[in-house]
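Here is a walk through a protein you may not have met before. Have the structure open, and let's take it a piece at a time.

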Amino acid sequence: MAEVGKGVNAGKLASNVQKRITRAQEKVLQKLGKADETKDTAFEEEVAKFNKQLADGSKLQKDFKAYLAAVKTMHECSKRLHDCLAEMYDPEWFGKEEVDSIAEDTDLLWQDFHQNLVDNALISMDTYLAQFPDIKARIAKRERKLVDFDSARHHFTSIQKSKKKDEAKIAKAEEDLGRAQKVFEEINYDLQEELPTLWNSRVGLYVNTFQSVAGLEEKFHRDMGKLNLNLSDIMTKLDEQRLANEEAANHNLSESGSDAPKSPAKSRERPPVSQPPRPASSQEVKQDNIIDLFEDAVVPEINISTQPQNEAPTVTNGSSDAELPPSVLYKVKAIHDYGATDSDELDLKAGDIVLVLAFANPDEQDDGWLMGVKESHWLQNKNLLAKGVFPENFTQKL
């Protein structure tokens, strides 16, 4: 039996090899124009439609699977987000149980949406595309059988035209031609029936796929919208709870503050110094009454003249006169260094001359503090923008 099997297989292999050689020879002759080729334009158009249909269906399947993967990713991200909210949500906050329930319902909604897409769209798409490989193989087989038919036809014609007639060969060639024609026509007929039907079936696939996706998306977003609305309402009430708690806490704080003794408002403290207080100043003080109260220093002569109203007062120091803005009250001299401790204070060095200005709002003046601008700045810039406050007892009036 093994011997017979080997012989059958060897004979079949030899027959297949011979067919391939014959087909190759026939195609070469057809390409060189030495043999005519059977053409079927209508069938070729059906094959072109088939190839386009297969490409479109494969692309649709690929893109739909990518869509499903994105849905799966969104499901995972949504679950992590809701899990994070559930972990952070304190038990005493408003709607703790409702928040946990919404997280569970959201997870189930994503699961159902993904599974329904698979059941209603992907499975039918896979079934639709599963028929293409078989038809594609039969189209390729038809092409081979057409070459066999053309080869048999050309062989039969050449024997008939031969000068030396051999009836046996003619009969054999005719029989081979009839067999090749029958095989070709059978497969060609089946494909002529199936390909138009398959082409029209693509409409049903597209309708089913996109109707399913649209309907499932609409239901999913509608149900998800209800859950999101519930979650938004809970967040609103949680914020109201927070505001109520803050208001109650502020009320309790104000009540406790009203019961405690009130402390006086904090004012700018004068820096501690050991120097004696500044002598009282007056524009009517006589020159012979000005005495040195600070380490026997000689006070320079000052001449103060009263100007008529609406005219700028002129302050003279010694023998040099300088016109000063009307806003300058008088001048003082720093007798000690003073380092500013705030942005609105002046840095003073012993010997600095300061032009004293009036406070724009007298209520802002703290006891023991003056407002002024260094004379050196005034002489350089002729403006009073660099004004600041300084302790009165660090200076003496000139």
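Arg 242 and Asp 239 both sit in helix H5, and because they are 3 residues apart there, about one helical turn separates them. They form a salt bridge, with the closest N and O atoms 2.7 Å apart. Keep in mind that this is a predicted model. How covered up are these two residues? Arg 242 has a relative accessible area of 39%, so it is partly exposed, and Asp 239 is partly exposed too, at 35%.

Helix H5 has another pair like this. Asp 176 and Arg 179 make a salt bridge whose closest N and O atoms are 3.0 Å apart. Again the spacing is 3 residues within helix H5, which means about one helical turn lies between them. Asp 176 comes out as partly exposed, with 25% relative accessible area, while Arg 179 is partly exposed at 45%. This pair also has company: a network of salt bridges links Lys 172, Glu 175, Asp 176 and Arg 179.

Now hop over to helix H4, where Arg 153 and Asp 150 are 3 residues apart and so are separated by about one helical turn. Their salt bridge brings the closest N and O atoms to 3.0 Å. Here, though, the two partners sit on either side of the 20% cut-off for being buried. Asp 150 has a relative accessible area of 1%, so it is buried; Arg 153 reaches 21% and therefore counts as partly exposed. If you want to hunt for others, the whole structure holds 17 salt bridges.

Rings are worth a look next. A search of the whole structure turns up 8 aromatic pairs. One of them is Phe 149 with Phe 184, a stacked pair with 6.0 Å from centre to centre and 10° between the planes. The pair ties together distant parts of the chain, since Phe 149 belongs to helix H4 (residues 132-161) and Phe 184 to helix H5 (residues 167-259), 35 residues apart. Are these rings buried or exposed? Phe 149 is buried because its relative accessibility is 11%, and Phe 184, at 9%, is buried as well. Elsewhere, ring pairs join Phe 50, Tyr 128 and Phe 132 into a cluster.

On the surface, look for Leu 13, Val 17 and Ile 21, which form a nonpolar patch with about 260 Å² of accessible area together. Val 17 lies in helix H1 (residues 2-32), and its 42% relative accessibility is why it counts as partly exposed.

What about cysteines? A disulfide is a covalent bond between the sulfur atoms of two cysteines. The count for this model is 0 disulfides. Among the cysteines here, Cys 77 is partly exposed because its relative accessibility is 34%, and Cys 84 is partly exposed at 34% too.

Finally, step back for the whole view. The protein has 6 helices and 8 strands, and from the N terminus they run α-α-α-α-α-β-β-β-β-β-β-α-β-β. Of its 398 residues, 29% count as buried. The accessible surface adds up to about 26700 Å², and 54% of that belongs to carbon and sulfur atoms. Among contacts with a separation of 6 or more, 67% join residues 24 or more positions apart.

Note on methods. Residues are numbered from 1 along each chain as its sequence is written. This is a predicted model: local features need pLDDT of at least 70, side-chain atom pairs count only at pLDDT 80 or more; totals for chains, interfaces and linings use all residues. Side-chain values use heavy atoms; hydrogens and water are left out. A disulfide is a pair of cysteine sulfur atoms within 2.5 Å. Buried means under 20% relative accessible area, exposed over 50%, partly exposed in between (1.4 Å probe, protein chains only). Patches are made of residues with over 30% relative accessible area and no salt bridge: like charges are joined within 9 Å, nonpolar side chains (Val, Leu, Ile, Met, Phe, Trp, Tyr) within 5 Å. Accessible areas come from the Shrake-Rupley method with a 1.4 Å probe; for residues, only the protein chains shown count as cover. A salt bridge is a side-chain nitrogen of Lys or Arg within 4 Å of a carboxyl oxygen of Asp or Glu. Helices (H or I, at least four residues) and strands (E, at least two) are DSSP runs, numbered from the N terminus. Contact means heavy atoms within 4.5 Å. Rings of Phe, Tyr and Trp (its six-membered ring) pair if their centres lie within 6.5 Å; planes under 30 degrees apart count as stacked, over 60 as edge-to-face and the rest as tilted.
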